[in-house]
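Here are a few exercises to work through with the model open beside you. Try each one before reading its solution.

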Amino acid sequence: MNDLIILLATSPAVFAGVCLVLGLLVGSFLNVVIHRLPIMMEREWQAECDFARGEEPKTLPRYNLVTPRSACPHCGHQITAFENIPIISYVLILQGKCKGCKAPISLRYPMVEAITGLITGYIGLRFGVSWLTLGAILFSWSLIALTFIDFDTRLLPDDITLPLLWLGLLFNLNGMLGVPLRDAVIGAIAGYLILWSIYWLFKLIRGKEGMGYGDFKLLAALGAWLGWAALPQIILMSAVAGVIGGIVANLRARRGLETPFAFGPYLAMAGWASMLWGYEIADMIGIMR
């Protein structure tokens, strides 16, 4: 075991390769989280509504991140371990089609695996064996899941955003990320209050909601990880990217420019970029950090 640790610590390429493989495996699990967590939330909400109406909650088959086994939505063919090897199964074994009914499998699945693997490998190569690497990897995995869930459903689940916030404070408890705990706590508070204030100001002026509460919690989590000084560049980058992305998406879908769109992914991407290249970005756009 000691020899393995020494090898990983002294061989950046080997450590990055291990991180890459780990990221591919986790990416496969993130696909499950992205698909199932919103369904689990919907079932929970439905049960709460039934209880509020005084009705007996419907008895449904057990459904969580583990049960039931993954299966084709068209024919019900259960995915075997051999068919679930990240990227390899999709490209070489299944060739993008269900083994049972030959229905096409979304390119989303290998894309999430590849993104997660490449990001994890890059972090391992950049930071080496350190607490910063562990924190950056967990941070990145959470943001990947939140990004795709928000794109699909315009939801940012508390089951991810709240643990992410507390995890950021925990990593900064002893300065493991280089952010003083005081700055992390202020960042969490300010992150929430900034978007909360914008939300209510917009609602008072326009009479309707401009964003969801999940966005407040996500920015609070980013503040907990990166500190209050990172918030201006995160807000600026996400706002610019969000406006451009929202206009392009609505025009491509031939919808009105006031149609709601997911803002969480832009916050997530800005937060991730700030963790890895925050000072370089701050120098480039002229923001003090």
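**Exercise 1.** Which backbone nitrogen does the side chain of N64 reach at 2.8 Å?

*Solution.* A word on the model comes before the steps. This is a predicted model, in which local features need pLDDT of at least 70 and side-chain atom pairs count only at pLDDT 80 or more, while totals for chains, interfaces and linings use all residues. Residues are numbered from 1 along each chain as its sequence is written, and side-chain values use heavy atoms, with hydrogens and water left out.

- Step 1: Find N64 in the loop between α2 (12–52) and α3 (88–93). Helices here are DSSP runs of H or I with at least four residues, numbered from the N terminus.
- Step 2: Follow the side chain of N64 to the backbone nitrogen of V66, at 2.8 Å. It is a polar contact, that is, a pair of N or O atoms within 3.5 Å, where within protein one must be able to donate a hydrogen and the other to accept it, and residues adjacent in sequence count only if both atoms are side-chain atoms.
- Step 3: Look for a further partner: the N64 side chain also reaches the backbone nitrogen of T67, at 2.6 Å.
- Step 4: Leaving out residues up to four places away in sequence, N64 touches R36 and M40, where a contact means heavy atoms within 4.5 Å.

**Exercise 2.** Is N64 buried, partly exposed or exposed?

*Solution.* N64 has 19% relative accessibility, so it counts as buried; the cut-offs are under 20% relative accessible area for buried, over 50% for exposed, and in between for partly exposed (1.4 Å probe, protein chains only).

**Exercise 3.** Place R126 and list what it touches.

*Solution.*

- Step 1: R126 belongs to helix α4 (residues 108–127).
- Step 2: R126 is partly exposed because its relative accessibility is 34%.
- Step 3: Beyond residues up to four places away in sequence, R126 touches L276, W277 and E280.
- Step 4: The R126 side chain reaches the backbone oxygen of L276 at 2.6 Å.

**Exercise 4.** Why is the sulfur of C98 not bonded to that of C72?

*Solution.*

- Step 1: A disulfide is a pair of cysteine sulfur atoms within 2.5 Å.
- Step 2: The closest cysteine sulfur to that of C98 is in C72, and at 3.6 Å it is too far for a bond.
- Step 3: A search of the whole structure agrees with 0 disulfides.
- Step 4: For accessibility, C98 is buried at 5% relative accessible area, whereas C49 is partly exposed at 39%.

How values were computed
Helix = DSSP H or I, 4+ residues; strand = E, 2+ residues; numbered from the N terminus.
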